[in-house]
Amino acid sequence: MTAHINAKTNDFAQTVIMPGDPLRAKFIAETYLIDARQICNVRNMLGYTGTYNGIPVSVMGHGMGIPSITLYAHELINDFNVKRIIRIGSLGATQHSVKMRDVILAVAAGTDSMTNQKRANGYNIATSATFSLLYSAYESAKTLDIPVKVGNVFSGDLYYDPDESLISTLEKSGVLGVDMEVAGLYGIAQQFNIESLAILTVSDHCLTGEETTAEERQLTFNNMIKLALQVAIKP
């Protein structure tokens, strides 16, 4: 048990799927896992463990922003022996070739956050997915007939960013979309030598103004969930 996760030492599986919304974690546990049980609920950041195709899998919310996801990831890694974290979540598209509800496999993530620089003595070190997980997700997507786009994303510290040039810069740089957490996850995973991957669904479009509702984001986006579960049970 930690200050933020009131679970027992062995409550978590070695692989944890982490959506931002704890209610999405509840939805995944109740819809996809067998014999799922709630294992933590501090600040309503719900976590569950069950099985998928006979393999133990945990799912837990991580909140919004790099400070939140890295706090929970740090405790999962160092206090609960978690070896693999798969983030699933929403993404704002920054390319016209990326469409609403597209599934994105994040190869690497840039950021305007200082968090990863603090991990690397002020240097800008690239943060990237674990290749074996990325490859597994790509191959599993073909098997499941789920179209995916593979490329770089950007994790911003501010949801309501006053920088009016940000989106056009990301578009010109070929970045597929913007979220608020992937760079933080990849950074802490590299620091502690665990596996990590982000599988994202386009929930809104920064160029066209299209968007989904909060309920749609919480209860749908099933393709990325199915894909994450397939990656989670790979050895």
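Which helix does Asn 222 lie in? I looked this up at the outset and found Asn 222 in helix α8, which covers residues 222-232. I note that the model is predicted.

**Entry 1: Asn 222**

I checked the accessibility of Asn 222 and recorded it as partly exposed, because its relative accessible area is 28%. I then listed its contacts, leaving out residues up to four places away in sequence, and found Phe 27 and Tyr 32. I also took the distance from Asn 222 to Thr 201, a residue 21 places apart from it along the chain; the C-alpha atoms are separated by 9.3 Å.

**Entry 2: α8 against α4**

I turned next to the packing of α8 with helix α4, which is formed by residues 131-144. Their axes come within 9 Å and cross at roughly 125°. I therefore entered α4 and α8 as oblique to each other. The crossing of α4 past α8 is right-handed. On the α4 side I found Leu 133, Ser 136, Ala 137, Ser 140, Ala 141 and Leu 144 in the contact. On the α8 side the contact is made by Lys 226, Leu 227, Gln 230 and Val 231. Sorted by class, the residues of this contact are six nonpolar, three polar and one charged.

**Entry 3: α2 against α6**

At what angle do α2 and α6 pack? I read about 30° for helix α2 (residues 66-80) and helix α6 (residues 182-192), with the axes 9 Å apart. The angle is under 35 degrees, so I recorded α2 as roughly parallel to α6. This crossing is right-handed.

I listed the residues that meet here. From α2 they are Ile 66, Ile 69, Thr 70, Ala 73, His 74, Ile 77 and Asn 78. From α6 they are Ala 183, Gly 184, Leu 185, Ile 188 and Phe 192. By class, I noted eight nonpolar and four polar residues in the contact of α2 with α6, and no charged ones.

**Entry 4: Ser 196**

I located Ser 196 in strand β9, residues 195-205. Is Ser 196 buried or exposed? I entered Ser 196 as buried because its relative accessibility is 1%. Its contacts, again without residues up to four places away in sequence, include Leu 185, Tyr 186 and Ala 189. Leu 185 is also among the α6 residues that meet α2. Further contacts of Ser 196 are Ile 85, Ser 128, Ala 129, Thr 130 and Leu 133. Leu 133 also takes part in the contact of α4 with α8.

**Entry 5: positive phi**

I looked at backbone angles, bearing in mind that most residues other than glycine have a negative phi. Asn 81, which is not a glycine, has a positive phi of about 60°. I placed Asn 81 in the loop between α2 and β5, and entered it as partly exposed because its relative accessible area is 41%. Asn 193 likewise is not a glycine and has a positive phi of about 60°. Asn 193 lies in the loop between α6 and β9. I recorded Asn 193 as exposed, since its relative accessible area is 71%.

**Entry 6: cysteines**

How many disulfides does a search of the whole structure find? I recorded zero. I also looked up the accessibility of two cysteines. Cys 40 counts as buried because its relative accessibility is 3%. Cys 206 is partly exposed, with a relative accessible area of 31%.

How values were computed
Residues are numbered from 1 along each chain as its sequence is written. This is a predicted model: local features need pLDDT of at least 70, side-chain atom pairs count only at pLDDT 80 or more; totals for chains, interfaces and linings use all residues. Side-chain values use heavy atoms; hydrogens and water are left out. Axes are lines fitted to C-alpha atoms, for helices over the stretch in contact, and angles run from 0 to 180 degrees between N-to-C directions. Helices (H or I, at least four residues) and strands (E, at least two) are DSSP runs, numbered from the N terminus. Angles under 35 degrees count as roughly parallel, over 145 as roughly antiparallel, 65 to 115 as roughly perpendicular and the rest as oblique. A crossing is left-handed if the near helix is turned anticlockwise from the far one by less than a right angle, and right-handed if clockwise. Contact means heavy atoms within 4.5 Å. Ala, Val, Leu, Ile, Met, Phe, Trp, Tyr, Cys and Pro count as nonpolar, Asp, Glu, Lys and Arg as charged, and the others, Gly among them, as polar. A disulfide is a pair of cysteine sulfur atoms within 2.5 Å. Buried means under 20% relative accessible area, exposed over 50%, partly exposed in between (1.4 Å probe, protein chains only).
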